[in-house]
Amino acid sequence: MANAEKVAKAGVTRESGWLYYIDKTGNIARSKMVRGGQKKKPGDKAEVVAKTGVTRDNNFIYFMDNNGDVARVPRSKGGTARSKKKSSKKKATKKPAKKAAKKTAGKKAPAKKAAAKKPAAKKAPAKKAAAKKAPAKKAAKKAPAKKKK
C-alpha cells in the first residue's frame, strides 16, 4: 500500500494468534483468533491495545500498518464509472487479436450456452410392471427307438 497515510503513531507490536483492527471509537483493538472447530469462549472480549481516538472519514479505509501505527487508504470507487473505463481498455487491446485469430482459424460455430440447471422435482418412484417371461421351451425327449423283430 504505497499511498497509505499515517494518521496516528501507536507502535503496537503484534502477537501471533490475535486479530488486530481499528474499533468504532478509533482505537487499536485485538481479539483472540478462533481456529477450525473451536468456538469463541464467553469471556473472550476485544481488548483495547492503544487508545488513539482517530475520527473516521467514510472515504478512507483505516488499518494497523506494519509499524503498529494507524494508517488509512482512500476507498476504491466502484460502480458503473469504473466498469466503463475497464471495458473501453479491453476493447482496444482485444480487437486486433480477435481479427488475427479469425484469419488463421477460419469460421467456427458459435459456442452454445449451457442450459440453466433446474432443481430436480421429487417424484414417487415409478412402479415396475411385472416382467412376463416367455415359457421356457422344454427339450423334446426322443422316444427310444423300437427294435425290429
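This short talk walks through one sheet and the charged side chains around it.

Good morning, everyone. Before I begin, please keep in mind that what we have on the screen is a predicted model, and that every value I quote was computed from it.

Let me start with the sheet. Strands of a sheet pair through backbone hydrogen bonds, either parallel or antiparallel. Here we have an open sheet of 3 strands, in the order S1-S6-S5, and the pairing is antiparallel. Strand S1, which covers residues 5-8, and strand S5, which covers 60-64, stand at the edges with a single partner strand each, so one side of each is left without a neighbour in the sheet. If you look at how neighbouring strands of this sheet are set against each other, they are turned by 35° on average, with direction ignored.

Now let us take the two pairings in turn. S1 is joined to strand S6, residues 70-74, by 3 bridges, and the two run antiparallel. Within that pairing, Glu5 stands opposite Arg72 of S6, while Lys6 has Ala71 of S6 as its bridge partner. On the other side, S5 and S6 pair in the antiparallel sense over 5 bridges, and there you can find Met64 opposite Val70 in S6. S5 and S6 form a hairpin with 5 residues between the strands, and in this hairpin Gly68 takes a positive phi near 85°.

How many residues of S6 are buried? The count is 4 of the 5, so this strand is largely enclosed by the rest of the structure.

With the sheet in mind, we can turn to charge. Side chains of opposite charge can pair when their charged atoms come close. A search of the whole structure finds 5 salt bridges, and I would like to go through three of them slowly.

We have already met the partners in the salt bridge between Arg72 and Glu5, where the closest N and O atoms are 3.2 Å apart. Because Arg72 lies in strand S6 and Glu5 in strand S1, this pair ties together parts that are 67 residues apart in sequence. Are these two residues buried or exposed, or somewhere in between? Arg72 has a relative accessibility of 18% and therefore counts as buried, since the cut-off is under 20%, whereas Glu5, with a relative accessible area of 37%, is partly exposed. Arg72 also has a second feature worth pointing out, as its charged end sits over the ring of Phe60, 3.8 Å from the ring's centre.

The second salt bridge brings together the side chains of Asp65 and Lys6, at 3.9 Å from N to O. This pair links distant parts of the chain, with Asp65 in the loop between S5 and S6 and Lys6 in strand S1, 59 residues apart. Asp65 counts as buried at 13% relative accessibility, while Lys6 is partly exposed, with a relative accessible area of 40%.

In the third, Lys6 forms a salt bridge with Asp69, and here the closest N and O atoms are 2.8 Å apart. Asp69 also lies in the loop between S5 and S6, and the pair is 63 residues apart. With a relative accessible area of 6%, Asp69 is buried.

If we put the last two together, what are Lys6, Asp65 and Asp69 linked in? These three residues are linked in a network of salt bridges.

Let me stay with Asp65 for a moment. Leaving aside its neighbours within four places in sequence, Asp65 is in contact with Lys6, Arg14 and Ala71. Asp65 and Ala4 are 61 residues apart in sequence, and yet their C-alpha atoms are 8.8 Å apart in space.

Finally, a word on aromatic rings. The structure holds 0 aromatic pairs, but the rings still take part in what I have been describing, for besides Phe60 with Arg72 over its ring, there is Trp18, where Arg30 lies over the face at 3.9 Å from the ring centre.

To close, I would ask you to keep two pictures from this predicted model: an open sheet in the order S1-S6-S5, and a network of salt bridges that links Lys6, Asp65 and Asp69. Thank you for listening.

Note on methods. Residues numbered from 1 in each chain as written. Predicted model: local features only at pLDDT ≥ 70, side-chain atom pairs only at ≥ 80, totals over all residues. Heavy atoms only, no water. Pairing = 2+ DSSP bridges. Axes fitted to C-alpha atoms, helices over the stretch in contact; angles between N-to-C directions. Phe/Tyr/Trp six-rings, centres within 6.5 Å; stacked < 30°, edge-to-face > 60°. Lys NZ or Arg CZ within 6 Å of the ring centre and 35° of its normal. Salt bridge = Lys/Arg side-chain N within 4 Å of Asp/Glu carboxyl O. Buried < 20%, exposed > 50% of the residue type's maximum accessible area, 1.4 Å probe, protein only. Contact = heavy atoms within 4.5 Å.
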